[in-house]
Amino acid sequence: MSLQSMTGFARHLRNTAGAQISWEIKSVNGKGLDVRFRLPTGLESIEQKARNFFAQHFKRGNFQAALTVDRIVSTGRTLLNETLLKELASIAAHLREEYGLAPSTPEGLMALRGVLDVPQDVIAPGDQSELESAVLAVLDETLIELAHNRQAEGKALGEILRVQITTIEMLVQQARLDPSRSPDAIRARLASQVALLLDAAPTLDEARLHMEAAFLATKADIQEELDRLEMHVASARALLKEGNGVGRKLDFLTQEFNREANTLCSKANAASITTIGLDLKAVVDQLREQIQNLE
């Protein structure tokens with residue numbers, strides 16, 4: 001399965017079931033699956049079914065879903081209630097004569113309720129089930145489009161992550177090959193430390209000092225950290241290859257990357273290793289920031 005970003009947008013419109021149905025959905029990153037709906041009056045009952053549709057398509061993300069439904073009104077002929085119009089005209093004439101009111105106008109009488117029978121945008125009870133089914137069908141189409149858009153974003157994001165993981169691998173190799181880790185450099189550093197201590201306290205046992213210096217050098221060795229970092233690089237690549245739904249696992253893995261980078265910096269006994277460790281921490285931070293958008 002391909003990688004999927006949690007950032008995306010989709011809008012889908014279709015005329016069906018006597019209505020123009022439109023869904024507009026936005027998604028951003030989130031720890032879980034959270035959907036917020038904006039539904040028109042009379043269609044609140046579809047919310048739970050709609051949530052199930054989201055769960056079928058996505059595992060994580062914060063979604064804003066807005067539904068618009070416009071009934072398509074037939075262009076039937078407007079009917080005039082002549083009987084009611086005559087009665088209202090008679091009443092208006094009587095009121096004018098009796099109370100001296102201003103004369104009524106044809107436009108005023110025609111505007112009174114019931115004089116004109118105009119088709120209304122009303123959902124008949126028998127149409128409700130058909131409309132709800134159509135709304136959910138259009139939602140499913142919109143979610144498929146959104147998933148496609150999130151996959152396109154995920155593909156681009158995957159390329160960025162692969163570059164950052166390769167950069168981490170290169171920094172690990174630089175640390176492995178750093179001159180400060182060569183046997184000659186280590187012996188020279190140990191000899192210098194022992195010489196300094198003997199100068200400060202000539203009575204100290206030289207053999208014991210060499211043992212203590214060797215022990216400290218072993219504790220300061222970063223071989224294990226470099227080995228674990230290489231293992232994490234391999235794991236990250238495997239997860240990227242695995243595809244969709246690995247964002248949380250990669251997020252946990254970046255925590256391991258960061259832990260090893262911190263240990264490497266704390267153990268560093270050369271400025272060059274410290275510089276590599278700091279560069280490593282910077283790349284890991286960038287990696288983790290990008291992974292936050294991955295489902």
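In strand E4, Ala65 is the bridge partner of Ile25, and this pairing offers a way into the predicted model described here. The same Ile25, which lies in E2, stands opposite Ala10. The points below begin with the sheet to which these strands belong, continue with a helix and an aromatic pair, and end with a pocket.

**The sheet and its order**

- The sheet is open and is formed by 4 strands in the order E1-E2-E4-E3, with mixed pairing.
- Strand E1 (8-16) and strand E3 (33-38) stand at the edges and have a single partner strand each, so one side of each is left without a neighbour in the sheet.
- From one strand to the next, the twist averages 15 degrees.

**How the strands pair**

- As a general point, the strands of a sheet pair through backbone hydrogen bonds, and they do so either parallel or antiparallel.
- E1 and strand E2 (residues 19-28) run antiparallel and are joined by 9 bridges; His12 has Trp23 in E2 as its bridge partner.
- In the hairpin of E1 and E2, there are 2 residues between the strands, and Ala17 takes a positive phi near 55 degrees.
- E2 and E4 also run antiparallel, with 10 bridges joining them, and the pairing of Ile25 with Ala65 in E4 is one of the bridge partnerships involved.
- E3 and E4, by contrast, run parallel and are joined by 6 bridges; here Arg36 has Gln64 in E4 as its bridge partner.

**A helix on the sheet**

- Helix H1 (residues 47-57) packs on the sheet, where it touches E2, E3 and strand E4 (61-71).
- The direction of helix H1 makes about 140 degrees with that of E3.

**Aromatic pairs**

- Across the whole structure, a search finds 4 aromatic pairs.
- One of the aromatic pairs is formed by Trp23 and Phe37, whose arrangement is edge-to-face, with 6.4 Å centre to centre and 75 degrees between the planes.
- This pair links distant parts of the chain, since Trp23 belongs to strand E2 and Phe37 to strand E3, 14 residues apart.
- Trp23 is also the residue in E2 that serves as the bridge partner of His12.

**The second largest pocket**

- The second largest pocket has a volume of about 150 Å³.
- The residues that line the second largest pocket are Met6, Asn29, Gly30, Lys31, Arg60, Arg248, Asp251, Phe252 and Gln292.
- The lining of this pocket divides into 2 nonpolar, 3 polar and 4 charged residues.

Key:
Residues are numbered from 1 along each chain as its sequence is written. This is a predicted model: local features need pLDDT of at least 70, side-chain atom pairs count only at pLDDT 80 or more; totals for chains, interfaces and linings use all residues. Side-chain values use heavy atoms; hydrogens and water are left out. On a 1 Å grid over the protein atoms alone, a cavity is a set of points where a 1.4 Å probe fits but cannot get out, and a pocket is an open set with protein on both sides within 12 Å along at least five of seven lines; lining residues have an atom within 4 Å of a point. Grid points are joined across faces, edges and corners, and a volume is the space filled by probe spheres set on the points. Ala, Val, Leu, Ile, Met, Phe, Trp, Tyr, Cys and Pro count as nonpolar, Asp, Glu, Lys and Arg as charged, and the others, Gly among them, as polar. Two strands pair if DSSP finds at least two bridges between them. Axes are lines fitted to C-alpha atoms, for helices over the stretch in contact, and angles run from 0 to 180 degrees between N-to-C directions. Contact means heavy atoms within 4.5 Å. Rings of Phe, Tyr and Trp (its six-membered ring) pair if their centres lie within 6.5 Å; planes under 30 degrees apart count as stacked, over 60 as edge-to-face and the rest as tilted.
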